[in-house]
Amino acid sequence: MDTIVAPITPLFRSSVITIRISGNRAFKIKEYLFVKGKPIQDIKYRYVYYGEFVSKNVNDDCLFYFFKGPNSYTGEDVVEISFHGNPLIVQNALQDIFKLNIRLAEPGEFTKRAFLNGKIDLVQAEAVYELIESKSITGIHASFIKLKKGLQSQLNKIKDNLIDLLSVVEAYVDFPDEDLSDYELQYVYEKLDDVITNLQFMIKSFDMNRYNTEGVKIAIVGKPNVGKSSLMNYLLRENRVIVSEIPGTTRDIIEEEIVINGYPIKLIDTAGIRESADKLERIGIEYSKKKLDEADIILAIFDLSDEIDEMDEKILKLVKDKKVILVGNKVDMKKIDFDCDVEISVKTGEGIEYLFELIEDRIKSIVSLEDEGVIIINERQKFMFEEILDTVIEVKSNFENRTLDILAVDLHYCLSKISEITGEIYTEDILKNIFTKFCIGK
Ligand SMILES: Nc1nc2c(ncn2[C@@H]2O[C@H](COP(=O)(O)OP(=O)(O)OP(=O)(O)O)[C@@H](O)[C@H]2O)c(=O)[nH]1
Ligand SMILES: [Mg+2]
């Protein structure tokens, strides 16, 4: 395999920029490294040295350390060198390093090698990416657990059950005239149910993944002019959205990200919902209804300075079975009593603190893990788990009337999918999909 090099810190002016070299030619870099003016010879692995990097184009102080494979991130010989943080120094150093027959690493190539050299499995490699991309502390925590433990214990539970099932089925394949005894059938069904429960549990954890990467979606809905955009601006602490006394001001969907209590939130302002509207506004209203369906939490706004009319009633019906907070706005001009969760005035700020508390509570109830030890799966993994689940459900429903050799094939298929999840079986395409998302140097 080629020896590769890349900066592992961002390449812009900063206090230091570090590069990593990995592969069997990595130690060739000794040619450019000096300690106390002398070429370095015997180097202790995993010791930090202060010295100089001297090549054709560069002369700089640096810190460096060597790892002897397989005891390194990639499993190969690795050297890391920290230069003064000027990108020009590092770009020139790289040019000289290329002359040692060392090439620039592709995105994710270090982690890919760690996978190929058996340092981590595919689930852990993906966890490295998720850890860096995570937008919340819960997400970081969850990715870190996955990086440390992988999915092995969960997958082994499923795998063991599938293997048990397969052994029962295969024992009968050679005796097609014999039927499974009641006892064996019972055993098979129990195992299948176990597998189904485990799979469903894993698949459910995927939603958490969305909260951690995309954020919890909060949509602000209501009639025109009730103060949706005003509230949006208030929560964003800036005048992001146009506010006016003219009903129908907002016609497009406006989405902004904020962080509440460490959780990433996608805040969505929508067009006021009403019936008599021109074509453009009607399109906006359709969007609003769609956003209402996609939202994890809905803030339904009502105007306390006005009548509750038919349209309000309709909106109440639309949000009835959803995670909704009913907000009465304009309490500073309150004319009516309306049974809502919180009364606020965006104008005076009254009640907004309590609204924040309610929002925080709802977020917590959505994102908190039922079980702290749950490992959250990503989209690729979810897709595979779903395929396994579908197959297992089919196996169960067909158990009595399907021939045993077909069931054996199905069970083998499930086992092979599990191996794909961890990367025991992989194709170049799978690896490409995973690692091209990484940044250079990871
Ligand atoms: N008195 C008072 N006026 C408010 C309050 N909140 C908003 N308003 C006013 O109500 C009007 C409508 O506010 P918007 O935020 O544009 O309402 P909207 O719900 O986004 O309206 P559309 O975009 O048309 O659907 C503006 O004139 C605001 O200044 C409040 O708490 N008290
Ligand atoms: Mg608006």
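Here is a short exchange about ligand 1 and two cysteines in a predicted model.

Tutor: Residues count from 1 along each chain as its sequence is written, chains are lettered from A and ligands numbered from 1 in written order. Local features need pLDDT of at least 70, side-chain atom pairs count only at pLDDT 80 or more, totals for chains, interfaces and linings use all residues, and side-chain values use heavy atoms, without hydrogens and water.

Student: Which helix gives the most to the shell around ligand 1?

Tutor: Happy to help! A residue is near if one of its heavy atoms lies within 4 Å, and 23 residues surround ligand 1, with Lys228 among those that come nearest. Helices are DSSP runs (H or I, at least four residues) numbered from the N terminus. With three residues, the top contributor is helix H8 (residues 228–236).

Student: How far is a polar side-chain atom of Lys228 from an oxygen atom of ligand 1?

Tutor: Think of polar contacts, pairs of N or O atoms within 3.5 Å. For Lys330, a side-chain N or O atom is 3.1 Å from a ligand 1 oxygen. For Lys228, the polar side-chain atom lies at 2.7 Å.

Student: Is Cys414 buried or exposed?

Tutor: Buried means under 20% relative accessible area, exposed over 50%, partly exposed in between (1.4 Å probe, protein chains only). Cys340 has 16%, so Cys340 counts as buried. Cys414 has 0%, so the word for Cys414 is buried.

Student: How many disulfides does the structure hold?

Tutor: A disulfide is a pair of cysteine sulfur atoms within 2.5 Å. By that cut-off, the number of disulfides in the structure is zero.

How values were computed: A polar contact is a pair of N or O atoms within 3.5 Å; within protein, one must be able to donate a hydrogen and the other to accept it, and residues adjacent in sequence count only if both atoms are side-chain atoms. Helices (H or I, at least four residues) and strands (E, at least two) are DSSP runs, numbered from the N terminus.
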